Each structure stands twice: as structure tokens, then as C-alpha cells.
Amino acid sequence: MGSTSRAERVMELVAAILLSLATLGIAWSGYQGARWNGRQAREYAQANTARNLANRAETDGDEERTQDLLNFNRWLEVTTEGNQTLADLYVRRFRPGFLPAFEAWLASDPLNNPAAETSPLREPEYKVADLEESDRLEREGAEHFEAGKDATENTDSYVLTTVFFAAVLFFAGISMRFVWQRMRVVVLVLATLSLAYAFVLVAGLPIL
């Protein structure tokens, strides 16, 4: 009789320890899940902002590129007609970012050099700051989006651990309801295994 009472006390103690650890595990996983969920929202918001800015910069850059092309075509027309005064006027109106490409194109002797580029816009020196900014913002948006995906996966993983911790609460909670001690032991073993697996999952997750 005394041995049975002692065994019951041991199993009650084990159940209490399992319940305590599972409760702490649920609290920790819930806290981390909430923090990663917040990170996810911030990363996705920053990704959307970066992409919106990238689209705006791309629109501005396309307008500058179109204007460069129009001004160059006008310069080419008046130069062909021999109107140097008007040609010089168009050169003064060239965008500062266009001039290095224009000068490189002239230096290649495009009228006599068949290997020369057909337009300054095809020269390596041709730069449009807004288009470069658009590319940078697109990359930044992609990085934030990937970070948001990682945060989502971490949130889901922490939620999964709470399922196993909840299983521990269930098994440990019902263990004392069984009169048959072997059944109690089986249920407590299931609770222990669930707890161990949950802790293994948590140990492999990043902390925020």
C-alpha cells in the first residue's frame, strides 16, 4: 500500500513538472511567435514601400531617358542640317547625366567607325540616376520580402511548438484520472516525449 502511494506521489510530481515546463514553453513560444509576427508585418510593409518608391523612380527615370532621346534626335537633325548654333543650344540643354555618354559617343567617331554605338544611350557612360535608384529599391524590396517570408516561417514554427506543449498539458492533466497505474505511466511517457520534442523544436528556432 505504501509502495503504491509512493508511486502515485512520484507520478503526481512528474505530472506537475511536466505541466509547469509545458506552461513555460507555451508562454515562450507565444511570446516569440508574436514578435516574429510583428517582424513579418514590418518587413512586408517595408517591401511594399520600397517597391512603390521603385516604381515611382522608374517612371521618373523613363521620362528622363525619353527626354534624353528626344534631345539627342533633335541635335542630330540640326547637326545634319548644318545648323551648328542650334546644335550647340541642344547640347547645353542636355542633362548632366547624359553628357558623359554623349562625349564618349562623339569620341568613338560614329560617322566613320562602323563599330561605334548607334546612340549615346547605348554607351556604358550613360546613366540615369532614377533608374539606378529604382533597381536599388527593387533589390531592397526583395530583401525585405524574403525577410518577411522567413519571419512568417518562424512564426508558424513557434505556433507548431505550442501544439506539442498543449499535448503535454493534455497528457499530464489526464494522467491522474486513470486508476490503472500502467496507463498513467504510458500517458506520462507520451507527455514527456511530446515535451522533449517541443523543446528540440524550440532550441532550433531563432530568437528575436
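## A tour from the loop to the helices

Begin by selecting Asp-109, which is partly exposed, with a relative accessible area of 36%. Bear in mind from the outset that the model on screen is predicted. Asp-109 sits in the loop that runs between α3 (99-107) and α4 (129-175), and although Asp-109 is not a glycine, its phi is positive, at about 55 degrees.

Staying in the loop between α3 and α4, move on to Leu-111. Is Leu-111 buried or exposed? With a relative accessibility of 81%, Leu-111 counts as exposed. If you now add Ala-172 to the selection and draw a distance between the two C-alpha atoms, you will find 88 Å between Leu-111 and Ala-172, for a separation of 61 residues along the chain.

Zoom out next to take in the whole protein. Five helices and zero strands make up its secondary structure, and the order along the sequence reads α-α-α-α-α. The radius of gyration is 35 Å, whereas the globule rule gives 17 Å for 208 residues, so the protein is more spread out than a compact globule. Aligned to its principal axes, the C-alpha trace covers about 120 × 30 × 20 Å.

With the surface switched on, the accessible area of the protein amounts to about 12800 Å², and carbon and sulfur atoms account for 59% of that area. Of the 208 residues, 29% count as buried. Colouring by charge brings up 20 positive and 28 negative charges, whose mean positions lie 16 Å apart.

Which residues are joined by the contacts in this protein? Taking the contacts between residues at least 6 apart in sequence, 75% of them join residues at least 24 apart, and the next selections give examples of residues brought together from separate helices.

Select Gln-40, in helix α1 (residues 2-80). Gln-40 has a relative accessible area of 18% and is buried, the cut-off for that class being under 20%. Once the neighbours within four places in sequence are set aside, the contacts of Gln-40 are Gly-148, Ala-151, Thr-152 and Thr-155.

Follow the last of these to Thr-155, a residue of helix α4 that is buried, with a relative accessible area of 9%. Seen from this side, and again leaving out neighbours within four places in sequence, Thr-155 touches Gly-33, Trp-36, Asn-37 and Gln-40. How many residues separate Thr-155 from Gln-32 in sequence? The two are 123 residues apart along the chain, yet their C-alpha atoms are 7.6 Å apart in space.

Remaining in helix α4, select Ser-134. At 4% relative accessibility, Ser-134 is counted as buried, and beyond its neighbours within four places in sequence it is in contact with Ala-54, Ala-57 and Glu-58.

The last stop is helix α5 (residues 181-203), whose 23 residues should span 33 Å at 1.5 Å a residue; the C-alpha atoms at its ends are indeed 33 Å apart, which agrees. Which residues of α5 are buried? They are Arg-184, Val-187, Leu-188, Ala-191, Ser-194, Leu-195, Ala-198 and Val-202. When you look at how these side chains are arranged, it helps to recall that an α-helix has 3.6 residues a turn, so residues three or four places apart point the same way.

Terms used: Residues numbered from 1 in each chain as written. Predicted model: local features only at pLDDT ≥ 70, side-chain atom pairs only at ≥ 80, totals over all residues. Heavy atoms only, no water. Helix = DSSP H or I, 4+ residues; strand = E, 2+ residues; numbered from the N terminus. Rg over C-alpha atoms; globule rule 2.2 N^0.38 Å. Buried < 20%, exposed > 50% of the residue type's maximum accessible area, 1.4 Å probe, protein only. Contact = heavy atoms within 4.5 Å. Areas by Shrake-Rupley, 256 points an atom, 1.4 Å probe, with all protein chains shown as cover. Lys, Arg positive; Asp, Glu negative; His and termini not counted. Charge placed at Lys NZ, Arg CZ, Asp CG, Glu CD. Expected span 1.5 Å × (residues − 1).
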